Amino acid sequence: MTQLALDRDELQQQLAAIIGPQNVSRRQADLVAYSHDLWPLALIWKRQGKVPYPPDFVVWPETVEEVSAMLRLANARRVPVVPYGAGSGVCGGTLPLHGGIVVDLKKMHRILAVNQTGLTVTAQAGIIGEDLERALNQRGYTLGHFPSSMYCSSLGGWLAARAAGQLSSRYGNIEDLTLGLQVVLPSGQVIRTKDTPRSAAGPDLKQLFIGSEGTLGIITQATLRMVPYPESRRLRGVLFQDVHSGLEAIRLVMRRGLRPAAARLYDENDTNIALGSLGYGVTGCLLVLGFEGDTQLTELEERLGLEICLREGGQDLGTGPGEHWWAHRYDISYKQADILSNENAISETVEVATTWDKLEPLYLAVKASLEESCFTMAHFSHAYPEGCSIYFTVVAESPTERECEGLYRRIWQGAMEACLKVGGTITHHHGVGLLKAPWLPQEYGGGYPVLQELKKALDPNDIMNPGKLGLERG
């Protein structure tokens with residue numbers, strides 16, 4: 001545990017005076033529960049009975065004023081602070097490496113305003129994604145942001161990790177949806193960026209905090225774009241003989257200016273599993289292609305998109321595969337947790353991205369590195385006119401439980417080196433945390449010192465989520 005600058009009992013009293021004694025905990029059960037997120041390596045440690053990074057306190061503030069007062073206290077005492085959304089991250093982004101205070105924001109879960117004229121919603125950072133989406137649906141709107149962790153991730157977590165949803169090609173990623181933020185800086189100062197669709201008034205400060213993983217402050221509130229709930233949703237499956245032809249179809253769909261809600265191409269291994277669950281006895285690569293929105297536009301986009309796919313050698317399988325995917329689109333995240341409950345087992349996802357000209361080389365390079373030690377399957381999703389992301393799912397078994405961590409780290413070492421060599425980004429939407437921090441200087445190139453200087457300027461006492469993004473305590 002961290003060597004706090006004052007007695008823990010005294011600090012507990014000071015925290016209780018700010019947020020109430022019922023919102024401060026040093027109970028062992030809470031400290032263990034908040035010592036990890038869903039990073040597979042942390043779950044392997046848990047499986048082995050290890051708790052290497054417990055916090056000293058867990059707190060549950062209910063107002064931005066309480067967050068501000070707590071950060072002033074922590075900053076004065078040089079106590080580490082780890083912002084915590086819902087704990088669904090898979091990169092070790094909330095592990096309290098140096099103990100300190102874990103700040104769970106889930107009591108800050110209110111929707112503050114719905115602007116039906118301006119098509120915006122303002123909500124506190126602790127709201128769970130599914131709760132926010134359902135509340136908007138009841139009013140006739142949607143965010144269009146559907147990460148696989150929808151039921152167990154929060155708005156603040158989406159922002160902190162720079163998240164993407166399954167329908168991002170239609171609606172954009174979280175940074176595209178965000179008009180304004182409220183952030184508490186390490187000093188306790190509260191800043192609020194203006195809610196505007198765009199501004200030329202210097203650098204965009206809100207984008208500084210989106211993706212910062214709690215290293216620069218605590219996001220407490222956001223204003224997001226919303227859209228009317230779609231009149232029509234049309235999903236279908238198209239079968240291609242290989243990855244190349246399927247990717248060409250997606251590239252041309254995006255090049256045409258169409259806006260698919262879903263454009264997900266599964267490689268041969270992933271298709272065997274996806275189609276096998278449907279009872280299809282075919283081989284190849286399945287593309288789930290879907291459009292939604294205004295009924296007339298959706299029908300037109302689907303027809304044009306399907307024409308492109310058929311010209312590229314695709315076989316129309318009808319609506320069955322697409323509707324099956326929609327009904328089970330969150331399943332994989334929960335099934336992976338089941339695999340990790342087995343002794344010696346490793347289950348992980350690696351998501352990388354690049355431009356269309358490098359996409360197949362990136363796929364082949366990362367796939368080759370992973371196949372040296374594990375079973376691998378992949379799908380392509382989050383398509384843009386410029387490129388696409390690749391989402392690898394890997395499963396491996398270590399000879400012994402003790403060797404799991406070494407195998408796990410070798411898997412990631414090979415994948416990250418292969419990605420950087422081709423010129424892809426090491427993460428498209430899962431963030432960095434502890435897992436990918438060693439490769440962040442290479443990812444940033446010569447720009448990494450700029451991030452380090454920003455950290456020093458905003459958090460000179462190094463209290464905010466130490467160690468994440470590779471920003472270690474000085």
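Over how many bridges do strand β12 and β14 pair? In this predicted model, strand β12 (residues 232-240) and β14 are joined in the antiparallel sense over 9 bridges. Within this pairing, Arg234 is placed opposite Phe291 of β14. A further antiparallel partner of β14 is strand β13 (residues 262-266), which is linked to β14 by 4 bridges; here Arg264 stands opposite Val288.

The surroundings of β14 were examined next. Strand β14 spans residues 285-293, and 9 of its 9 residues are buried, so the strand is largely enclosed by the rest of the structure. Cover is present on both faces of β14. One side carries Cys285, Leu287, Leu289, Phe291 and Gly293, and the other carries Leu286, Val288, Gly290 and Glu292, all of them buried. Phe291, the residue opposite Arg234, and Val288, the residue opposite Arg264, thus belong to opposite faces of the strand.

An open sheet elsewhere in the chain consists of 5 strands with antiparallel pairing, in the order β5-β6-β10-β8-β9. Its edge strands are β5 (111-115) and β9 (190-192), each of which pairs on one side only. On average, neighbouring strands of this sheet are turned by 10° against each other, direction ignored. At one end of the order, strand β8 (residues 178-184) pairs with β9 over 3 bridges in the antiparallel sense, and Gln182 has Arg192 of β9 as its bridge partner. Helix α4 (residues 64-77) lies across β8, β9 and β10 (218-225), and its direction makes an angle of about 45° with β8.

The loop between β8 and β9 contains Gly188. With a relative accessible area of 6%, Gly188 falls under the 20% limit and therefore counts as buried. Leaving aside residues up to four places away in sequence, Gly188 touches Ser68, Leu71 and Arg72. Gly188 can also be related to the strand described at the outset: its C-alpha atom is separated by 47 Å from that of Val288, a residue 100 positions away along the chain.

A second open sheet is built from 4 strands in the order β1-β2-β4-β3, with mixed pairing. Strands β1 (24-25) and β3 (81-84) stand at its edges; each has a single partner strand, so one side of each is left without a neighbour in the sheet. Between these edges, strand β2 (residues 57-59) and strand β4 (residues 101-104) run parallel and are joined by 3 bridges. Val59 is located opposite Val103 in β4. Helix α1 (residues 8-19) lies across β1, β2 and β4, running at about 0° to β2.

Finally, a nonpolar patch was identified on the surface. Ile273, Phe375 and Val395 make up this patch and together present about 240 Å² of accessible area. Ile273 is contributed by helix α11 (residues 268-276). The relative accessibility of Ile273 is 45%, between the limits of 20% and 50%, and this residue is therefore classed as partly exposed. By contrast, Gly188 in the loop between β8 and β9 is buried, as are the residues on both faces of β14.

Notes: Residues numbered from 1 in each chain as written. Predicted model: local features only at pLDDT ≥ 70, side-chain atom pairs only at ≥ 80, totals over all residues. Heavy atoms only, no water. Patch = residues over 30% accessible without salt bridge, like charges linked within 9 Å, V, L, I, M, F, W, Y side chains within 5 Å. Areas by Shrake-Rupley, 256 points an atom, 1.4 Å probe, with all protein chains shown as cover. Salt bridge = Lys/Arg side-chain N within 4 Å of Asp/Glu carboxyl O. Helix = DSSP H or I, 4+ residues; strand = E, 2+ residues; numbered from the N terminus. Buried < 20%, exposed > 50% of the residue type's maximum accessible area, 1.4 Å probe, protein only. Pairing = 2+ DSSP bridges. Axes fitted to C-alpha atoms, helices over the stretch in contact; angles between N-to-C directions. Contact = heavy atoms within 4.5 Å.
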